[in-house]
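Work through the following exercises with the sequence and the coordinates side by side, and try each task before reading its solution.

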Amino acid sequence: MRLTFEEKQMLEGKYGYPTQKAMEILIQLGEIYNAEEMLPVSNVHMPGSSVVVAGEAGTKFVEMMAEKGGKFRAFTTLNTAAVDFDLWKELGFPEATYKLQDRLTRAYEAMGGVACHTCTPYLIGNTPRFGENVAWGESSAIAFVNSVLGARTNRHGGPSALAAALTGRVPAYGYHLQENRYGHVLVNVTAELNGIEDYGSLGYWVGRIVESKVPVLTGIPKDASIDQLKMLGAALASSGSVALFHAVGITPEAPTVEAAFGGRQPEQVLEFGKDQLLEGHNSLNKHQGQEIKLVTIGCPHASISEIETIAKMLENKKLHNGVDLWVITAVPNKAYAERCGYKGIIEAAGGHLVSDTCPILSPMVYVAKERGYSAIATNSAKLAHYAPGQWALPTYYGSVERCINAALTGKF
Ligand code: F3S
């Protein structure tokens, strides 16, 4: 790989051990993908921020890098953690997890990480611009930043994102290069898409077919909300491993189908009509009409607009006895929700406004057992995909209205 003078100095250890190690990791990664050079990045979103993923070994590694003087050269936000730092006791998280998470978070902070602990950093101020090279982890956030904002990232795991943060560099390969950003599969969406869950069902159905290819979707309404696009990307990255999709007329680099394909022909053409919408929905919602104990909204983390919707549904109401409700969001949105009165309404109904964590990146198997959660309901295609395998619990999937109704009645 061609290295600049500064990059060579990093490799030679002139900037200290953590930066040297980080450069070694990036060079190895670049050689695997035949990268010819490094690209500067000034923005990182750090996966592996939960101790459920990092474990004791990963935490020790991050602590070691911090103790040896590692300092981030890029603005770096931290992804979802394993506990809610405010409510961990109340929600039933084990103290050992809280303590280990605290160690990991402090180590990242010592190097300059922003401990926002959310998978939707783009909703709270980490918002890269069109065409910017960044290094992001967390599959739903990667799909969003590539496809809705039009920034450029590969799928980073913890070690490569840490290396990018320490050096301010990424190897030039994959989605950083224009030739790899064109579409492969054309998806003509003719189904009427309404709620967020329809976008989840669409993404889930398409992701299973295209796997890691780049789908180009026509027919997505031009007024699709950020929350709907957020769910579309999360679902595409759950059943498939899609890191970039083009919603024609919405994705900045895809004003037309021709632009999305770069003048090439699609490898495959798919139709997504009302039968496919139903198929996508049914593949996530295999159970019906049973009792639920936990309702979770906010995977990916909820926006203030989603919190407002839920608060309006819960005004002057009480959750069914024995049912828990988690509305999961980022800390700044929790503060907005408190100021707007939404937090008070959700709590008065018996629900929780949860921050920092989520059911998948927390020790939820332990919590579910402790609190007797026998089945859950969610409007998230991603959560409905992972939860049954991870917790072996029946998971019901539907609109936010249906989920809140389940929280009020105890039945989905
Ligand atoms: Fe976010 Fe956790 Fe869902 S990281 S996308 S809330 S699985």
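The exercises below concern salt bridges, pockets and a sheet in a predicted model.

**Exercise 1.** Determine how the side chains of glutamate 6 and arginine 169 meet, and where in the chain the two residues lie.

*Solution.* Begin with the distance: the side chains of glutamate 6 and arginine 169 meet at 2.7 Å, N to O, and because a salt bridge requires a Lys or Arg side-chain nitrogen within 4 Å of a carboxyl oxygen of Asp or Glu, the contact between these two side chains is a salt bridge. Next, place the partners: glutamate 6 belongs to helix α1 (residues 5-11) and arginine 169 to strand β5 (residues 169-171), so that the pair, 163 residues apart, links distant parts of the chain. Finally, consider exposure, for which buried means under 20% relative accessible area: arginine 169, at 11%, is therefore buried, whereas glutamate 6, at 32%, is partly exposed.

**Exercise 2.** Examine the salt bridge between arginine 106 and glutamate 109, and then that between lysine 343 and glutamate 338.

*Solution.* Arginine 106 and glutamate 109 form their salt bridge at 2.7 Å, N to O. Both residues lie in helix α5 (residues 95-111), three residues apart, which is about one turn of the helix. As for accessibility, arginine 106 is partly exposed at 38%, and glutamate 109 is likewise partly exposed at 35%. The salt bridge of lysine 343 with glutamate 338 has an N to O distance of 4.0 Å, and lysine 343 is buried, with a relative accessible area of 14%.

**Exercise 3.** Find how many salt bridges the model contains, and which residues a network of salt bridges links.

*Solution.* The count by the distance rule comes to 22 salt bridges. A network of salt bridges links Glu56, Lys60, Glu63 and Arg103.

**Exercise 4.** Describe the largest pocket by its volume, its lining and the domains that contribute to that lining.

*Solution.* The volume of the largest pocket is about 340 Å³. Its lining consists of 22 residues, and those nearest the centre of the pocket are Asn79, Glu138, Ser139, Leu361 and Lys382. Sorted by class, this lining of the largest pocket has 10 nonpolar, nine polar and three charged residues. Turning to secondary structure, α6 (139-147), β10 (294-302) and α16 (381-391) each supply at least two lining residues, and β10 gives the largest share, namely four residues. At the level of domains, domain 1 (5-178) and domain 3 (286-409) each contribute at least three residues to the lining.

**Exercise 5.** Carry out the corresponding description for the second largest pocket.

*Solution.* The second largest pocket holds about 260 Å³ of space. It is lined by 15 residues, of which Tyr33, Asn154, Tyr173, Gly174 and Tyr175 are the closest to its centre. The lining of the second largest pocket divides into five nonpolar, nine polar and one charged residues. At least three lining residues come from each of domain 1 (5-178) and domain 2 (182-283).

**Exercise 6.** Establish the order of the strands in the sheet that contains β2, and identify its edge strands.

*Solution.* The order is β3-β2-β4, and these three strands form an open sheet with parallel pairing. The edge strands, each pairing on one side only, are β3 (75-78) and β4 (135-136). Strand β2 (residues 43-46) pairs with β4 in the parallel sense over two bridges, and histidine 45 has tryptophan 136 in β4 as its bridge partner.

Note on methods. Residues numbered from 1 in each chain as written. Predicted model: local features only at pLDDT ≥ 70, side-chain atom pairs only at ≥ 80, totals over all residues. Heavy atoms only, no water. Buried < 20%, exposed > 50% of the residue type's maximum accessible area, 1.4 Å probe, protein only. 1 Å grid on protein atoms, 1.4 Å probe; cavity = no way out; pocket = protein on both sides within 12 Å on 5 of 7 lines; lining within 4 Å. Points joined across faces, edges and corners; volume = space filled by probe spheres on them. Nonpolar A, V, L, I, M, F, W, Y, C, P; charged D, E, K, R; others polar. Domains from an automatic or database assignment. Pairing = 2+ DSSP bridges.
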